[in-house]
Amino acid sequence: MGGKRQLLKDLLCLVPRDIRHYHEPFLGGGALFFALRPSRAHLADSNAELIRTYTAVRDDVEGVIRALQQHRYQRDHYYETRATHPDQLSPNALAARMIYLNRCGYNGLYRVNRQGLFNVPFGRYHNPKICDADNLRRVSLALQGADLTAGDFAATLSAARRDHFVYLDPPYIPVSATASFVAYQQGGFGMDEQEQLARTFEALDQRGVRLMLSNSDVPWVRQRYADYRIHNAVARRPINSRHNGRGPIPELIVTNY
Ligand SMILES: C[S@@+](CC[C@H](N)C(=O)[O-])C[C@H]1O[C@@H](n2cnc3c(N)ncnc32)[C@H](O)[C@@H]1O
């Protein structure tokens with residue numbers, strides 16, 4: 001994903017040099033966290049299964065690798081694994097299921113239905129690498145100093161203190177009227193949540209927290225964050241989107257420093 005890598009470059013240029021405590025409340029794939037590898041970090045996401053997966057990788061990576069090696073790239077096995085309820089699994093088996101479905105599901109999408117169950121169809125790949133053990137070990141190492149919490153951004157950010165650094169990468173606002181909201185999660189993330197996030201940004205700013213936020217370049221974001229610094233960033237391609245081929249989405253980065 002060229003767009004995402006370019007955005008990461010832009011983000012890295014804007015990150016303060018002296019981060020002592022890092023927060024990322026919309027963790028997802030955690031691209032910036034893994035690029036920075038800060039020694040103390042508070043990582044969170046409302047997707048509890050994602051957080052349980054990272055926690056298992058942090059605490060018992062060899063166990064996760066063994067569990068992942070039980071999986072294979074095969075349609076029936078994929079649908080059987082998808083049908084297993086994550087709550088019935090051990091922490092390592094849950095993490096292996098999540099990684100496996102992500103590797104073998106259509107387009108690497110993460111999408112759940114109203115019941116919160118993963119519903120992405122089997123993807124077509126040529127011999128996908130299901131278990132990248134070396135990468136998982138690197139991820140585990142990077143996570144050793146990290147607290148991992150499942151929850152809404154407003155709750156998990158209460159731990160942010162003066163001089164801490166927070167990176168906010170919420171689900172982006174669709175650029176065109178035809179683009180529908182990304183169903184990252186049950187309920188999704190609409191304009192009410194974007195507004196709540198802007199208020200949280202203001203409150204943290206008042207507390208002396210250093211903040212960086214990325215979002216799509218739409219008038220609402222420019223107006224709502226007009227009191228802060230707005231940087232133009234390059235476009236990134238919509239990842240977890242059902243509307244492929246829409247082209248790159250222009251992005252901007254907001255900082256309060
Ligand atoms: C754009 S992605 C983050 C991408 C990430 N920075 C990366 O590099 O891959 C948004 C993430 O926000 C999470 N999310 C959605 N609504 C949330 C909420 N209300 N509070 C916390 N996390 C939320 C989703 O589960 C998803 O993982």
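A residue is near a molecule if its C-beta atom, placed from the backbone, lies within 6 Å of it. By that rule, 17 residues surround the ligand. The closest are F26, G28, G29, A31 and D169. The shell around the ligand has 7 nonpolar, 6 polar and 4 charged residues. Here Ala, Val, Leu, Ile, Met, Phe, Trp, Tyr, Cys and Pro count as nonpolar, Asp, Glu, Lys and Arg as charged, and the others, Gly among them, as polar.

This is a predicted model: local features need pLDDT of at least 70, side-chain atom pairs count only at pLDDT 80 or more, and totals for chains, interfaces and linings use all residues. Residues are numbered from 1 along each chain as its sequence is written.

The protein chain has 10 helices and 7 strands. These are DSSP runs numbered from the N terminus (helices: H or I, at least four residues; strands: E, at least two). Of its 257 residues, 33% count as buried. Buried means 20 or more other C-beta atoms within 10 Å of the residue's own; exposed means 12 or fewer, and partly exposed lies in between. Residues 24 or more positions apart account for 69% of the contacts with a separation of 6 or more. A contact needs C-beta atoms, placed from the backbone, within 7 Å.

Two helix pairs involve helix 6. Axes are lines fitted to C-alpha atoms over the stretch in contact, and angles run from 0 to 180 degrees between N-to-C directions.

| Pair | Angle | Axis distance |
|---|---|---|
| Helix 4 (residues 61-68) and helix 6 (residues 91-104) | roughly 60° | within 8 Å |
| Helix 5 (residues 75-83) and helix 6 | about 135° | 10 Å |

Helix 4 is therefore oblique to helix 6. Angles under 35 degrees count as roughly parallel, over 145 as roughly antiparallel, 65 to 115 as roughly perpendicular and the rest as oblique. The crossing of helix 4 with helix 6 is right-handed. G63, V64, A67 and L68 of helix 4 meet N92, A93, A95, A96, I99 and Y100 of helix 6. That contact holds 8 nonpolar, 2 polar and no charged residues.

Helix 5 and helix 6 are oblique too. Their crossing is left-handed (the near helix is turned anticlockwise from the far one by less than a right angle; clockwise is right-handed). Y78, T81 and R82 of helix 5 contact R97, Y100, L101 and C104 of helix 6. By class, there are 4 nonpolar, 1 polar and 2 charged residues.

C104 lies in helix 6. C104 counts as buried because 24 C-beta neighbours lie inside 10 Å. Beyond four places in sequence, C104 touches Y73, Y78, F122, G123, Y125, P128 and I130. C104 and R124 are 20 residues apart in sequence, with 7.7 Å between their C-alpha atoms.

Definitions and conventions:
Contact = placed C-beta atoms within 7 Å.
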